[in-house]
Amino acid sequence: MGAEQKFHHRASLKQTNKPFKRRFATKNSMRDKAKGRTQRVSLKGKVQRKHSRADRRNAVRTEQRKKRDHIVMSTRIFSGRHRAPKIVAVIPLCADIRASDIVRNLFACVDEPYPEEKAPKTARLLNVSRFKQTIQFVELERNVLDILDAAKVADYVIMGISAEIEVDAFGEHCLSALQNQGHPGVFPIVQGMETVVPKRQNDVKKSLQSFMSHFFPDADKVYSTETPTEALAILRMITAQVPKGVKWREIRPYMLADSVEFEPSAEDSQVGRLALTGYLRGAGLSANRLIHIPNFGDYQIEQIYHVPVAVETTKGDSIEEDDEPAVLDKPDPELQDSLVEANEPNTLANEQTWPEDEEMNGWNERMQEMEEEESRMAAAKGQRTITVPKGTSTYQASWIAATQGDDNESDDSDVSSDSDDDMDSGSDDGSEEGEDEEEYEEMVIGADGKIVSASDDENDDGADSDRDDGLPTAEEEALQLKAYLKERERQNRDDLNFPDEVDTPMEISARERFARFRGLQSFRTSPWDPYENLPLDYARIFQFESFKRTQQRVLRMAANSAAKSGMRIRIVLRAAPAQIAASYNPNRPFVAFGLMQHEHQMSVVHFTVMRSEGYSEPVRSKDPLIAHFGFRRYNVRPLFSQHSLGGSNTNGVHKFERFLKPGVVSVGTVYAPIQFGTVPVSLYLPAPAAATSDMAGVIPMLVGTGSSLEVNPSRILAKRIILTGAPFKIHKRSAVIRYMFFSPEDVNWFKPVQLHTKYGRTGHIFESLGTHGYMKCVFDGPIKQMDTVCMNLYKRVYPKWNTSLWSEHAQDEEQKLQWVGPVVQKPEDMEL
């Protein structure tokens, strides 16, 4: 026999740690990456080909050249004779800060006179000959809309903070809004340090720096303009640095207009040609695209001119005159974007059937009865009697009279589930208020819709009989508002405790009440056709075969435009209203953005949203809100749904949410113009929030923030309802369930739908028992007596076509005040 071999156990606890990749985290690697030395990124999921050493070096050189070219192009527009100025927005965060004081100190540090009245506040031009650059300061007041518009086009932002007064609630709101919108480079500048004791100046600066770094982590220092040396250091940094780009705005052209001119047309003096002059920034502009002006909408371009500015020669004091404006681009009638935003649905394209004679006979009898009814109403001089709950005011009775006939009709095209929400909320109260019978009374309504007579109880009320307008009194209106807010709070609380649970109505069969609902075996993978039973509004929208490919093609078209970034141009718009020029204020920023192709057309737009921590009131789907979509603002009523990631193996169904829940990222859905790229989204309340004890006046209430998603009309929003039942008898895996349905027909109708319990059991309906809705169910295991049996039903919901352009000029005085912050008036003789 051979030598006996020893038995060896394989080490089962052997552990091999992953080595640390230090070459990606050292200072040298970070410095090399900043120089342009890039590492080749592996292409996952694609065929790997072996590259030679020369090919790899060539690829690295190509990346270096692209990065250098990008830096050169970003700095070239700020140099030369016809250079564009760097736009610096000066924002006062405190009530005692004046933007003019900061700008005056920056002018004084280079011995340049401050333009008091020559230039408007949005065009304080400072030609820094020492650094061979021009800076355009935009002095802003404490207005949220002006601050947001100026930050959208600015290269740098100066935050004015005070050493004496803390940043108030209005200033913190401006910081939060800028943080969500996206901002360029930030320079915090503190004013009033000379009033602080020298021993506490460092502590004050550290405190302010800590506060600003919370909103802007890149702002690692707080500056001052009290001395010329400190002010000159700020100008040196502004002129030497490359502006930090905001990605969502760099893919499209934008402009801060220096002048706005209007020429009325011969046919109508209220409509004419509008000329906007300024430096073009961002991407190139084509005359075939549209121009969006905030508060007014989109307009077509008639011509684009190149208007170079007058420059001072280096040989002497002579000034070159402006060159004649040269035409840069004219629109092509065949390629110019249209102002049509929606399709016209063809209602006659649907399938038509000719009625039979028997059906026509039935309708003839019905028409005869309607004619007799109309004649009786005419004989009664247009009066009719309605039944209302006892105690109803005349104002409420007028609304009931106007809507009494509409409640009995069902509109199949209205698939936004308004009636379903009312039924769901009403069914929750059935167990509490259903036992008490409500008393009713009769009222006579005249032809004009006013109350003619009522019951004796109401006629005895002298206060109500003396009112001729039918409106509620101040006490009644306060009580109604209090009851409305209390009901919304209760619905929000019930939605958190018992999400989507509804009670089966007893006065109507469940198969009729939930006829448009369906059951799904798997919410994630069960098939659901996204093009079945679409509403009529879907015939008005636009949809892309491939949104990503269309976006790439549109961005390539913008790169080949005639008007390039950095040019001083004049854009002439056609058919513009005279209200635009009338509302132009040279002391407020007037911005204009260029739209890409198809961005004027309507579609189904989705965006992520997360509730703001500063707003605690319930936010329900279809509540009116003001949405800031990048550079556009709209009045919307969004539908909220869960933000679940889809894939190739999913059915694209997402659960509808009745309320916007705190701490969770949801998705809002509205009908809105198409938006390419990812833009920030902010939701505001349309009415100002009530003032609290720690703030003066009112501030705009930020409801939520997020960003836009792809335009996808095929995204299915499924509203879920849960029908619940209680176990009556349990025998092993089978049980008798009651209170889910109240008739055997409903049990047989919903028999194919799967059941589940709150303790994790699944089952199905086996058979109906008796005539009161009892049913025998079989589960995958024994259930407990304390368990609850649930049935999930789903129905697709759609947004309403109610999106409109939000305009500041259409708001009342109270709504306009919420955008303006408080200001502390300083004495005129105080020198800063």
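I take helices to be DSSP runs of H or I with at least four residues, numbered from the N terminus. On that basis I placed glutamine 181 in helix 5, residues 169-181. I note at the outset that the model is predicted.

**Entry 1: the chain as a whole**

I counted 20 helices and 33 strands in the protein chain. Of its 832 residues, 44% count as buried. I computed an exposed area of about 47900 Å² for the chain, and carbon and sulfur atoms supply 50% of this area. I then looked at the contacts with a separation of 6 or more: residues 24 or more positions apart account for 78% of them.

**Entry 2: glutamine 181**

I returned to helix 5 and asked whether glutamine 181 is buried or exposed. Its relative accessible area is 7%, and because buried means under 20%, I recorded glutamine 181 as buried. I also looked up which residues glutamine 181 touches, not counting those up to four places away in sequence. I found Leu148, Ala151, Lys152, Trp248 and Pro680.

**Entry 3: charged patches**

I searched the surface for groups of like charge. Arg53, Arg56, Arg57 and Arg61 gather in a positive patch. Of these I examined arginine 53, which lies in helix 2, residues 53-76. Arginine 53 has a relative accessibility of 57% and therefore counts as exposed.

I found a negative patch as well, formed by Glu164, Glu194, Glu226 and Glu230. I located glutamate 194 in the loop that joins strand 5 (185-191) to helix 6 (201-215). With a relative accessible area of 47%, glutamate 194 is partly exposed.

**Entry 4: backbone angles**

I next checked phi. Most residues other than glycine have a negative phi. Aspartate 500 is not a glycine, yet I noted a positive phi of about 65° for it. I traced aspartate 500 to the loop between helix 15 (474-497) and strand 16 (501-502). Its relative accessibility is 4%, so I entered aspartate 500 as buried.

Lysine 732, also not a glycine, has a positive phi of about 55°. Where does lysine 732 lie? I found it in the loop between strand 27 (716-731) and strand 28 (734-738). At 64% relative accessibility, lysine 732 counts as exposed. I closed the entry with the pair side by side: aspartate 500 is buried, whereas lysine 732 is exposed.

Note on methods
Residues numbered from 1 in each chain as written. Predicted model: local features only at pLDDT ≥ 70, side-chain atom pairs only at ≥ 80, totals over all residues. Heavy atoms only, no water. Patch = residues over 30% accessible without salt bridge, like charges linked within 9 Å, V, L, I, M, F, W, Y side chains within 5 Å. Areas by Shrake-Rupley, 256 points an atom, 1.4 Å probe, with all protein chains shown as cover. Salt bridge = Lys/Arg side-chain N within 4 Å of Asp/Glu carboxyl O. Lys, Arg positive; Asp, Glu negative; His and termini not counted. Charge placed at Lys NZ, Arg CZ, Asp CG, Glu CD. Helix = DSSP H or I, 4+ residues; strand = E, 2+ residues; numbered from the N terminus. Buried < 20%, exposed > 50% of the residue type's maximum accessible area, 1.4 Å probe, protein only. Contact = heavy atoms within 4.5 Å.
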